[in-house]
Amino acid sequence: MEAGETVAAAVRLAAAKGLQVKARSGGHSWKASSVREDAMLIDLGGINDIRVDAKAATAVIGTGAKVYQVVEALDETNLFFPVGHCPSVGIGGFLLQGGWGWNSRALGVACTNVTAIDVVTADGDLIHADAENNAEYFWGARGAGSGYFGIVTHFYVNCFAKPEGILHRQEIYPADCGEEVLKWSFGLQNQLPNEIEWFVFCSRPSPDEQAQYRVEAISFMSDEAAGRKALELFDSCPVRSRAISSSPIASTDMPTLLAGTDGLYIEGYRWAGDNAWFDNATDDLASAFVKAANVLPPWPSHLVIYGWPTLELQDSVFSMVGDIYACAISGWNDPSQDDVQRLASMRSISVLEPFAKGMGLADEGLFHRDAPVHSPINTKRLEQIRSQLDPHHRFLSYLTKPAG
């Protein structure tokens, strides 16, 4: 039986047994939002086939495929897709929540490059959906995340030419430079081409130290000389002479970038996360980021701050964006610390809540706080479609904080 039909049969079985359903593609969610009491869990990890049409620059990707597998498959044909930053992320969860991936500043949120899906409905039917056929399923699959009202088995996506001459640079600044580094970084938004991806990584080296600030920038520009010139802008940091260390502009590639991200998440550790979107980057926000970084436990816990450009978001439920995105991650290896450490990232983001406009569906803290994850109009439309297509609530929705 084809994989999609197997999933459809499982949904029909759940209906016959009176069970609600939740699906899991990669199992990367810190909140394990796919695991619910008295519900059927459908593990999609085995649906990891990847079919690439190099001539058409398209691919069909099984929802259980991991980021590193997609990179490997596309690399063989000199193609590129804005996959997630962590190699172990399942493509299904990544695309459903929107998909802010490598070079998404230029190529768009990954879900906006999805052209069609194969999806199992609440009735247990396997259907194909795109902008013209079963359009509600297509719209919802581009950003609904764990609130989606179906189970996607395959994504049809547009790909891009693999960037040649990917470049990287990095500086690390001491704790007392934090506010100056962050204020300066806010001004980069309107100075850099969208093909330059940058972020500030904040982490405390030890329990007795305040956070240090690592500024990283990657150029995906097709013209390597132009990329090098754009990256020289990072020399303009007003405290550049005080950097603890500096890695000069150097060539890199996707496997190296993925390995660097993978190194953050130590095997055997326990993890929790939360995030927020912001507009109107101000000096007060920079001060709040410093406080938020120092609320977190020491490394490997960290706060990451990204710059994000204004991009069109058409025909997708994904709609919660801002000028700045911040994600707080807490990591620990002592199970006796679970209760305290699980809330560490939420405490960090709570410092930022007065400035925040909403939450992204990656690394979210929905179980602990109920922040908006879509625009009001898209939230309303999503729930209207859900009540129409899944009136019996076969598919469980967002993992939100219980009342009371």
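Okay, so a helix here is a DSSP run of H or I of at least four residues, and helices are numbered from the N terminus. Keep that in mind, and keep in mind that what you're looking at is a predicted model.

Let's start with helix H7, which covers residues 224–231. Two of its residues, Arg-228 and Glu-224, sit four residues apart, about one turn of the helix. Their side chains meet in a salt bridge, at 3.4 Å from N to O. How exposed is Arg-228? Its relative accessible area is 30%, so it is partly exposed. Glu-224 is partly exposed as well, at 32%.

Now go back along the chain to helix H6, residues 178–186. Which residue does Lys-183 pair with there? The partner is Glu-179, and the closest N and O atoms of that salt bridge are 3.8 Å apart. That pair counts because a salt bridge needs a side-chain nitrogen of Lys or Arg within 4 Å of a carboxyl oxygen of Asp or Glu. Lys-183 and Glu-179 are four residues apart in H6, again about one turn of the helix. As for accessibility, Lys-183 comes out at 34%, which means partly exposed, and Glu-179 is partly exposed at 31%.

Okay, next one. Asp-235 and Arg-240 also form a salt bridge through their side chains, at 3.4 Å from N to O. Asp-235 has a relative accessibility of 39%, so we call it partly exposed. Arg-240, at 24%, is partly exposed too. And this pair has company: which residues make up the network? Salt bridges link Arg-169, Glu-171, Asp-235 and Arg-240 together.

If you want the overall tally, the model has 16 salt bridges by this rule. I've just picked a few to walk you through.

Last stop, charges that gather on the surface. Which residues form the negative patch? They are Glu-2, Glu-5, Asp-123 and Asp-125. Residues in a patch like this have no salt bridge, and each has over 30% relative accessible area. Take Glu-2 as the example. Where is Glu-2? You'll find Glu-2 in the segment before helix H1, which runs over 3–17. Its relative accessible area is 49%, so Glu-2 is partly exposed, and that value is over the 30% a patch residue needs.

So if you have the structure open, try clicking through Arg-228 with Glu-224 in H7, then Lys-183 with Glu-179 in H6, then the network that includes Asp-235, and finish at the negative patch with Glu-2. That's me done, thanks.

Notes: Residues are numbered from 1 along each chain as its sequence is written. This is a predicted model: local features need pLDDT of at least 70, side-chain atom pairs count only at pLDDT 80 or more; totals for chains, interfaces and linings use all residues. Side-chain values use heavy atoms; hydrogens and water are left out. Buried means under 20% relative accessible area, exposed over 50%, partly exposed in between (1.4 Å probe, protein chains only). Patches are made of residues with over 30% relative accessible area and no salt bridge: like charges are joined within 9 Å, nonpolar side chains (Val, Leu, Ile, Met, Phe, Trp, Tyr) within 5 Å. Accessible areas come from the Shrake-Rupley method with a 1.4 Å probe; for residues, only the protein chains shown count as cover. Lys and Arg count as positive and Asp and Glu as negative; His and the chain ends are not counted. The place of a charge is taken as NZ of Lys, CZ of Arg, CG of Asp or CD of Glu.
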